[in-house]
Amino acid sequence: MGWGLPSREEIERCEICKEPMGIIVELYFGARLYPRACKCQRDKYYREKTEEENKQKQIRVKRVIANSMMDDNFKRSTLKNWDHRVGNEKLYKIALEYIEKFPQMKMSNQGMLIYGEPGNGKTYFSACIANALLSKLIPVIAVGAIGLTERISQSKRTWGEEGIFTVLNSLENADLLIIDDLGTEEDNKWTRAMMYQVIEKRNSSGLPVIITTNISINELKDRYNDRTYSRLTQMCSFIRNTGQDIRKIKGKGKTEKFLGEVLLSG
């Protein structure tokens with residue numbers, strides 16, 4: 001032991017994790033005491049490093065997918081604001097669990113395909129998941145099927161085939177990709193091929209996708225080729241939303257309120 005050095009038992013320890021704050025290293029010319037990051041400091045460093053990396057990923061993906069659906073209205077869609085009087089409670093519980101277990105979901109490439117009648121809360125459900133993950137600084141992008149195919153088409157017109165790969169590669173920055181309203185994009189050979197490319201890219205990257213659609217499973221099979229459908233069954237749990245049409249219910253309530261106010265004022 002070098003002159004004046006404390007023993008290993010005497011080295012100052014972190015008050016929280018109790019790990020030593022220094023380390024004695026035996027060198028050719030004698031022992032030296034060097035500072036050492038304890039577990040608390042290491043955890044803080046890696047946490048801050050991960051948060052910064054995720055912020056940069058979010059910036060990069062939003063720069064390429066500028067026409068996403070993540071506007072102010074989207075940001076108000078949270079589980080806290082979930083209307084339990086009309087919302088599907090099964091979906092609420094699924095969203096809650098998916099958010100809480102997202103690290104495991106990501107690791108196992110566990111996605112979801114939510115299908116059902118229009119207006120019953122599928123988009124709100126996916127937005128709740130997106131906003132909860134974003135609040136944890138987990139990079140997410142949510143884009144409509146129309147917006148996504150249009151963005152790929154625009155990039156192709158500008159940059160050729162390289163433009164397609166620019167968009168596809170940018171999606172890898174998102175830990176979760178949400179594609180809303182699958183089946184509303186223009187139905188032709190090119191858009192079907194692009195949608196397969198997007199899904200296959202997520203699969204090869206081991207990154208999950210959540211898809212919402214108003215078309216039935218049979219329509220899904222008929223519209224997209226076997227490869228696309230096979231990938232979706234591999235990556236996603238198919239969940240049918242049998243909830244009621246929330247838009248109609250809220251629209252009816254709004255109309256009744258308006259008529260009531262008109263009658264009272266008259």
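Here are legends for a few close-up views of this predicted model.

Residues are numbered from 1 along each chain as its sequence is written, and side-chain values use heavy atoms, leaving out hydrogens and water. Because the model is predicted, local features need pLDDT of at least 70 and side-chain atom pairs count only at pLDDT 80 or more, while totals for chains, interfaces and linings use all residues.

**View 1. A nonpolar patch sits on the surface.** I23, L27, Y28, F29 and Y34 make up this patch, sharing about 600 Å² of accessible area (Shrake-Rupley method, 1.4 Å probe). Patch residues have over 30% relative accessible area and no salt bridge (Lys or Arg side-chain nitrogen within 4 Å of an Asp or Glu carboxyl oxygen), with nonpolar side chains joined within 5 Å. Y34 belongs to strand β2, residues 30-35 (strands are DSSP E runs of at least two residues, helices H or I runs of at least four). Y34 counts as partly exposed because its relative accessibility is 36% (buried is under 20%, exposed over 50%).

**View 2. Helix α5 is mostly covered.** In this helix, residues 122-135, 10 of the 14 residues are buried, among them F125, I129 and L133. Its end C-alpha atoms are 20 Å apart, agreeing with the expected 20 Å (1.5 Å times one less than the number of residues). After α5 comes L137, with a positive phi near 65 degrees.

**View 3. Strand β4 is largely enclosed by the rest of the structure.** That's because 5 of the 5 residues in β4 (140-144) are buried. V140, A142 and G144 point one way, I141 and V143 the other. Strand β5 (residues 176-182) pairs with β4 in the parallel sense over 5 bridges (pairing takes at least two DSSP bridges), and D180 is the bridge partner of G144.

Notes. Patch = residues over 30% accessible without salt bridge, like charges linked within 9 Å, V, L, I, M, F, W, Y side chains within 5 Å. Buried < 20%, exposed > 50% of the residue type's maximum accessible area, 1.4 Å probe, protein only.
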